[in-house]
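Here is a friendly walk through one protein chain and its ligand. Have the model open beside you as you read.

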Amino acid sequence: MNDSTHLSELNQRVSAAKIEVEGRGETFYPGASRIHLALDSKSWPERVEKRYMLVPTTCFNCESACGLLAYVDRETLQVRKFEGNPEHPGSRGRNCAKGPATLNQITDPDRILYPLKRSGRRGEGKWEQVSWDEALDAIAGRIRTALQEERNEEVVYHVGRPGEDGYTERMLAAWGVDGHNSHTNVCSSGARAGYHWWMGMDRPSPDYSNAKVILLVSSHLETGHYFNPHAQRIIEGKKNGAKLIVFDTRLSNTATHADHWLSPYPGSEAAIFLAIANWMIGEGKYNREFVRRWWNWQEYMEVVNNEPGASFENFEEHLREVYSEFTFEYAATESGIDAATLLEVAKVVSTAGTRFATHNWRSAGSGNLGGWQVARTLTLLNALLGALATEGGTFPNSWNKFTPRPPRLPHQHPKRWNEVTWPGEYPLALNEMSFLMPHLMKDQDAHLDVYFTRVYNPVWTNPDGFSWIEMLSDEDRIGLHVAMTPTWNETAYFADYILPMGHASERHDLTSYEQYNGQWIAFRQPVLRAARERLGEEITDTRQVNPGEVWEENEFWIDLTWRIDPDGSLGIREFFESKKVPGEKMTIDEYYGWIFDNSVPGLPEASAAEGLTPLEYMRRYGAFEISNKVGRVHEQSVPDNELEDVRVDEMDRVYSRAPIPPSPKAPGGTKIDEDEDGRRRVGVRVDGEILKGWPTPTGKLEFWSRTLHDWGWPEFAIPTYIKSHIHPENLENDQIPLITTFRVPVQIHTRSANSKWLDEIAHTNPLWIHPIDADRVGISKTGDLVRVETELGYFVLKSWITEGIRPGVAACSHHMGRWKPEGHKGPRLGISTVALNQEGSEWSLTPRKGGEPFASSDPDTMRIWWTDLGVHQNLTHAVHPDPISGMHCWHQAVRICPAKEGDRAGDVSVDTGKSRAAYEKWLTMTRSADHYSPDGTRRPYWMLRPVRPERDAYRLPLKTESAEV
Ligand code: SF4
């Protein structure tokens with residue numbers, strides 16, 4: 001019998017028979033759940049059958065949360081491989097390369113398996129293994145003391161990849177600390193701010209599959225937001241006839257699929273969108289009825305034009321005037337793309353009707369001063385076409401995701417405002433000003449008593465990493481640094497404790513993301529726990545199945561919280577107590593079981609139909625679709641039971657005394673307020689009907705933002721164009737812009753250096769430079785070393801001469817250049833060993849050893865053939881906080897020249913004195929709450945906040961006489 005016949009016979013046997021699984025006598029069906037027979041490749045030429053249990057979980061390697069199926073070897077109870085989970089509604093069985101590479105991460109021979117405590121000076125690289133009990137007691141003791149002494153703001157949790165929805169925010173609310181700090185301001189908050197000020201929600205959810213025209217400002221097909229779930233639907237849309245327009249200065253893989261690829265000068269994207277808008281308005285090619293019903297044009301006409309009660313026709317006339325300067329010729333001058341091409345693209349956009357799916361993620365929104373206006377002007381096109389929350393259009397994120405209510409949800413708000421994360425200089429920053437921490441800590445002479453970095457690596461990820469090293473090394477600033485990480489990273493070298501946390505197949509989390517016109521929820525689970533439970537074992541702690549003492553965060557936080565408040569006297573422990581067994585810790589099964597039983601519509605019924613509990617259902621299938629085709633939520637009527645003693649105000653906002661439905665989240669999110677009589681806003685009256693509307697201050701789409709107007713930025717209150725800090729007018733003669741915001745498709749920011757498969761595909765980050773520029777600066781061939789000079793210093797790397805980049809612009813991916821200091825314990829795969837030197841404010845990083853084969857438990861590490869591991873360019877970037885959105889504006893103005901004598905690939909040199917000066921320069925652009933707050937508060941109360949402090953904490957402190965002086 002040949003092998004294919006053998007396999008076929010195997011499959012027939014599997015298909016024909018129920019397979020009895022030992023232990024609990026359950027039966028499973030292939031395809032439904034959960035066993036697989038295959039020939040063992042390693043036993044060749046013998047034909048040895050292997051039995052695998054298929055256990056679903058969720059990928060943790062980007063924010064898409066695609067479904068994975070772990071193939072667990074029935075005999076060894078080891079994971080053999082990961083493939084896609086076809087029952088996951090978002091990813092539908094497909095993954096990118098990073099999903100299956102989870103196997104590399106869990107088998108990494110250098111991974112951190114036990115809690116470590118530093119045994120030398122901080123940053124010296126000396127570690128000792130400690131027990132979890134010792135680490136937990138030390139951390140909990142400090143937090144307890146801080147809370148008892150009302151130093152709540154000295155406890156900060158700084159998260160990189162959340163990969164979960166609400167668990168930690170709930171915990172911080174229970175602790176009563178305003179300590180949530182995210183990475184979002186170095187990631188996506190620019191575009192988010194643009195969306196937030198239009199629609200009260202901060203991300204788009206395009207319905208690509210049903211679109212007629214798709215417009216992307218980013219390389220979505222290869223690396224963009226919700227990469228694989230979006231990419232497969234973009235291709236689906238294209239197959240259905242959609243036209244694809246891509247704005248990307250680089251010829252990315254996405255651009256190669258485009259019907260119209262535009263390579264604009266970086267930062268000019270908003271000028272193009274406004275030119276398209278101007279043309280559509282002038283030609284009358286917009287959805288008048290949608291604009292009339294849903295834009296806040298009345299408010300705009302009243303405040304800006306001093307025309308209360310203006311007619312819609314008057315507004316239209318005004319609209320024509322306000323954008324008239326944005327001609328195609330003007331946009332051509334700004335972007336370098338000829339006016340005829342822009343007109344051609346405008347015509348395509350105008351044919352989309354309500355099937356116009358658009359997305360700006362990172363890219364221009366994160367690269368430029370004023371980048372948030374890229375998302376705002378892009379949304380202007382959707383809003384003109386009425387292509388918001390329509391089939392084939394673009395939904396707001398919150399309507400296409402599902403957040404379930406957890407048990408024992410705390411509703412208390414932290415009492416104290418955290419000035420380090422939400423400083424008064426940036427009152428409208430959409431997210432925490434986390435990348436400014438080293439500077440803000442100095443300005444405020446602040447001290448953090450316990451600082452968690454959790455799956456976050458600011459030394460490597462953020463700009464100005466040497467300032468981070470300076471801050472983290474200073475024990476007067478950071479009392480205790482706890483790095484919670486599944487892999488070694490550059491920030492963990494400067495920690496006091498390193499706590500080994502689980503990868504995708506070693507932890508529990510709930511996820512739900514906006515990826516199409518529907519809602520789903522997915523369950524990440526420790527797959528070996530689920531496998532062994534199927535065999536009848538009782539598992540009470542994830543460490544019983546994970547390698548070494550790797551733990552999951554859910555259980556860790558419960559245990560830590562109990563130690564912070566052992567007797568419940570702080571009022572915290574109650575949120576982590578069992579509902580079933582009072583006085584006991586809540587278990588993970590109880591926590592998720594309660595959610596699945598009580599908070600996920602349709603799940604109990606679907607589970608019962610299969611004779612399962614909801615928890616068993618989620619452990620078996622890994623995901624559940626709650627709804628498909630969500631539709632126009634803003635047009636839905638407010639239900640009668642939510643209308644009680646209603647008041648409609650002069651803006652047609654509708655307030656009601658009906659009881660408030662329970663919130664699914666800890667105090668946070670967008671907050672639409674109550675009226676003076678304590679009624680709750682429930683909707684908005686449109687043409688006489690009470691509709692749900694949008695979660696904005698007006699309930700409408702905010703073409704004009706009173707928030708921006710009242711908080712000191714009236715000139716930017718409507719979608720408009722802000723010239724970037726790398727606009728030609730702002731460059732010196734020999735400078736060109738450097739684009740740094742793009743990913744390498746097969747790498748994860750900071751957690752994939754230990755993935756051998758991914759490293760083999762992509763391990764370096766050369767400088768993209770056009771032949772014209774290469775010739776101009778004297779680079780003769782690809783591979784020649786170049787020096788790139790930034791505001792702070794320089795870095796050295798190989799060149800890649802390519803016509804895939806616009807002349808006059810260079811690019812370098814931020815993904816590479818991972819390192820560890822000489823003499824440090826730590827990883828070997830994908831990581832250079834470097835010499836770190838400091839003299840005063842002058843720092844240098846010099847590679848000593850690149851990639852090379854090494855002996856380990858994995859024979860593949862002897863097969864490493866690549867040596868070049870790229871350069872850590874972010875170290876040389878100054879902080880560039882956008883004064884309005886707070887986003888770090890990543891693009892750099894640089895000088896490029898051939899490498900100088902003695903330069904080596906990977907060299908970095910920086911003066912942190914210059915980074916301080918750059919911080920101070922950008923600080924002068926701000927309009928602080930102190931001077932511009934219209935109501936004596938620190939921040940508009942309605943705007944998003946992950947864990948919202950109580951209302952009193954919003955009040956600016958009264959100035960003392962000496963402070964005023
Ligand atoms: S897109 Fe790739 S990395 Fe992201 S969740 Fe899906 S499989 Fe994982």
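A residue counts as near a molecule if one of its heavy atoms lies within 4 Å of it. In this predicted model, the residues around the ligand are Cys59, Asn61, Cys62, Ser64, Ala65, Cys66, Asn95, Cys96, Lys98, Gly99, Phe227 and Asn228. By type, this shell divides into six nonpolar residues, five polar ones and one charged one.

**The chain as a whole**

Let us step back to the overall fold. The chain contains 29 helices and 36 strands. Along the principal axes, its C-alpha atoms fill a box of roughly 80 × 75 × 70 Å. The radius of gyration is 28 Å, which agrees with the value near 30 Å for a compact globule of 965 residues. Of those 965 residues, 64% are buried. Among contacts with a separation of 6 or more, 72% are between residues 24 or more positions apart. The accessible surface comes to about 33,700 Å², and carbon and sulfur atoms account for 47% of that.

**Two nonpolar cores**

In soluble globular proteins, nonpolar side chains tend to be buried together. Here, the largest nonpolar core has 89 residues, and Trp295, Phe315 and Phe703 have the most contacts inside it. The biggest contribution to this core comes from helix α8 (residues 269–282), which gives 11 residues. A second, separate core has 59 residues, including Ala135, Ile139, Phe556 and Ile595.

Which residues does phenylalanine 315 contact, leaving aside neighbours within four places in sequence? They are Val291, Trp295, Trp297, Tyr300, Met301 and Phe703. Two of the partners named here, Trp295 and Phe703, also appear with Phe315 in the list of residues with the most contacts inside the core.

**Two helices up close**

Ile595, a member of the second core, also lies in helix α21 (residues 588–598), where Ile588, Glu590, Tyr591, Tyr592, Gly593, Ile595 and Phe596 are buried. The cover over the buried residues of α21 includes helices α4 (167–175), α20 (553–564), α22 (603–609) and α23 (614–621), along with strands β20 (509–511) and β21 (518–524).

Tyrosine 330 sits in helix α12 (residues 328–335). Is tyrosine 330 buried or partly exposed? Its relative accessibility is 25%, so tyrosine 330 counts as partly exposed. Not counting residues up to four places away in sequence, tyrosine 330 touches Ala271, Glu325, Tyr721 and Lys723. The C-alpha atoms of tyrosine 330 and alanine 275 are 7.9 Å apart, although 55 residues separate the two along the chain.

**Backbone points to check**

Most residues other than glycine have a negative phi, and most peptide bonds are trans. A cis peptide bond joins tryptophan 44 and proline 45, with omega at about 10 degrees. Proline 45 is placed in the loop between β3 (35–39) and β4 (49–58).

Two aspartates have a positive phi, and the table sets them out.

| Residue | Phi | Loop | Relative accessibility |
|---|---|---|---|
| Aspartate 652 | about 70 degrees | between β23 (647–648) and β24 (653–656) | 26% |
| Aspartate 687 | near 50 degrees | between β25 (680–686) and β26 (689–691) | 47% |

Aspartate 652 counts as partly exposed, and aspartate 687 is partly exposed too.

Conventions: Residues numbered from 1 in each chain as written. Heavy atoms only, no water. Nonpolar A, V, L, I, M, F, W, Y, C, P; charged D, E, K, R; others polar. Core = buried A, V, L, I, M, F, W, Y, C linked by side-chain atoms within 4.5 Å. Buried < 20%, exposed > 50% of the residue type's maximum accessible area, 1.4 Å probe, protein only. Helix = DSSP H or I, 4+ residues; strand = E, 2+ residues; numbered from the N terminus. Contact = heavy atoms within 4.5 Å. Rg over C-alpha atoms; globule rule 2.2 N^0.38 Å. Areas by Shrake-Rupley, 256 points an atom, 1.4 Å probe, with all protein chains shown as cover.
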